[in-house]
Amino acid sequence: MAFVLPKDGEIFVDQVLQRCRNLISSGIWDLLIPVRLDTWMKNFASDTERYFGACVLDGLIYRSEGQTVALMEQVFQRMLPDLLRRCPVPGGPSASWLELLRSPIVGPDPLVRVVPVIRWDDPPAKSGPALARLYRRRLLLNQEWMIWPWLIDHSRAVGIKCFLFIDDFLGTGEQFCDFARYFKLSASLRDCYAVYAPLVAHKTGVAEAEKCVPGLRIVAAEVIDDSYSLFSDESPWFGDGVNSSRVARAFYEELLARAQFPIKREALRGYGKLSLAYAFSHATPDNCLPIIWSEGRDWKPLLER
């Protein structure tokens with residue numbers, strides 16, 4: 001069975017594109033511009049391909065800076081307090097971690113350190129430092145209480161026992177586990193109260209992170225699952241009564257063959273084959289479909305990686 005343009009498919013394309021333009025003009029899709037949207041749609045050569053592209057846009061979740069900050073606030077004002085109420089820090093700080101981490105250096109030490117999930121050899125464009133700056137600038141966290149992960153052992157030596165790891169997106173959990181092994185977190189965090197707080201977490205990644213760092217507590221503002229995958233049977237994105245997620249995936253693979261993206265084969269449906277369409281204004285997770293963020297032969301991306 002082939003992927004086809006359904007009845008009123010062209011009307012659907014027009015409606016989705018108009019909605020996208022409205023999201024751009026209203027500032028909700030804050031770093032996108034109409035010409036980039038139009039350029040991306042030109043990647044699709046036929047009416048059927050344009051319909052497929054519109055379905056991807058229909059499923060795209062894009063978090064503006066303001067929405068990202070709202071997720072950060074959700075972590076600090078709801079998820080962390082709930083966790084600390086259920087699992088208090090033994091003999092440690094009992095006040096709001098948000099207020100503690102806003103405290104000036106001239107006051108008492110909050111005894112908590114914020115650690116961005118980034119490795120020593122990660123490139124400067126990695127999203128970890130950008131997220132740390134956003135926390136400092138928008139949530140007013142004192143940068144004196146934010147440390148690089150290679151300083152965890154030093155912090156422990158001066159009496160710090162609480163660590164909050166910040167991240168924007170937890171996908172398969174593979175990258176976090178690489179990070180954890182790189183810094184030997186299982187040993188470094190022994191007898192510590194450690195919390196990993198990605199803004200968005202896939203259930204697959206949560207299970208992996210819990211396994212690779214025993215005792216790690218994980219909270220996220222938003223938890224997603226396989227229903228967010230564009231090609232999952234649980235997904236609604238190709239439920240038009242004519243096509244199916246399986247047929248859409250086969251059609252997508254035909255598009256990939258034409259675009260020839262310069263990425264590993266196992267990442268052609270996003271790393272871990274999660275097939276997501278989820279992005280932040282500051283970064284696009286590599287668990288997302290590369291037709292959204294990668295440049296191929298005769299293919300222009302919609303979003304920056």
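What follows is a walk through this predicted model, from its strands to a helix packed beside them, then its cores and its salt bridges. Residues are numbered from 1 along each chain as its sequence is written. Because this is a prediction, local features need pLDDT of at least 70 and side-chain atom pairs count only at pLDDT 80 or more, while totals for chains, interfaces and linings use all residues; side-chain values use heavy atoms, with hydrogens and water left out.

Let's start with the strands. Helices (H or I, at least four residues) and strands (E, at least two) are DSSP runs, numbered from the N terminus, and two strands pair if DSSP finds at least two bridges between them. Strand 2 and strand 3 run parallel, joined by 5 bridges, and one bridge puts V114 opposite L164 of strand 3. Strand 3 also pairs with strand 4 in the parallel sense, over 8 bridges; here F165 has Y196 of strand 4 as its bridge partner. Strand 4 in turn pairs with strand 5 (residues 217-218), again parallel, over 2 bridges, with V195 partnered by R217 in strand 5.

How enclosed are these strands? For burial, take buried as under 20% relative accessible area, exposed as over 50%, and partly exposed as in between, using a 1.4 Å probe and protein chains only. In strand 2, 5 of the 5 residues are buried, so the strand is largely enclosed by the rest of the structure. Both of its faces are covered: V112, V114 and P116 are buried on one side, and R113 and V115 on the other. Strand 4 is mostly covered too, with 10 of its 10 residues buried.

Now turn to helix 8, residues 174-182. Which of its residues are buried? They are F176, C177, F179 and A180. Looking down the helix axis, these buried residues fall within an arc of 155° (taken from the directions from the axis to the C-beta atoms), so they line one face of the helix. On the other side, E174 and R181 are exposed. The cover over the buried residues includes strand 2 (112-116), strand 3 (162-170), helix 9 (185-188), strand 4 (193-202) and helix 10 (203-212), where a contact means heavy atoms within 4.5 Å. After helix 8 comes K184, whose phi is positive, near 50°.

Next, the nonpolar cores. In soluble globular proteins, nonpolar side chains tend to be buried together. A core here is a set of buried Ala, Val, Leu, Ile, Met, Phe, Trp, Tyr and Cys residues joined through side-chain atoms within 4.5 Å. The largest one has 82 residues, and F52, F76, W97, Y135 and I291 touch the most other members. Helix 4 supplies the largest share of this core, 8 residues. Leaving out residues up to four places away in sequence, Y135 touches M72, V75, F76, L140, L141, M146, I166 and L199. A second, separate core of 24 residues includes F163, A180, A194 and I218. A180 is one of the buried residues of helix 8 met above.

S281 deserves a stop as well. It sits in the loop between strand 7 (278-280) and helix 12 (290-293), and at 15% relative accessibility S281 counts as buried. A polar atom of its side chain lies 3.3 Å from the backbone nitrogen of E65. That is a polar contact: a pair of N or O atoms within 3.5 Å, where within protein one must be able to donate a hydrogen and the other to accept it, and residues adjacent in sequence count only if both atoms are side-chain atoms. Not counting residues up to four places away in sequence, S281 touches D30, L31, Y62, R63, S64 and E65.

That leaves the charged pairs. Side chains of opposite charge can pair when their charged atoms come close. With a salt bridge taken as a side-chain nitrogen of Lys or Arg within 4 Å of a carboxyl oxygen of Asp or Glu, the count comes to 16. R21 and D38 meet in one of them at 3.1 Å, N to O; the pair links distant parts of the chain, with R21 in helix 1 (residues 9-25) and D38 in helix 2 (residues 34-41), 17 residues apart. R78 and D82 also pair, their closest N and O atoms being 2.7 Å apart. Both lie in helix 4 (residues 65-86), 4 residues apart, about one turn of the helix. R78 is partly exposed at 48%, whereas D82 is buried at 15%. Finally, E65, R137 and R138 are linked in a network of salt bridges.
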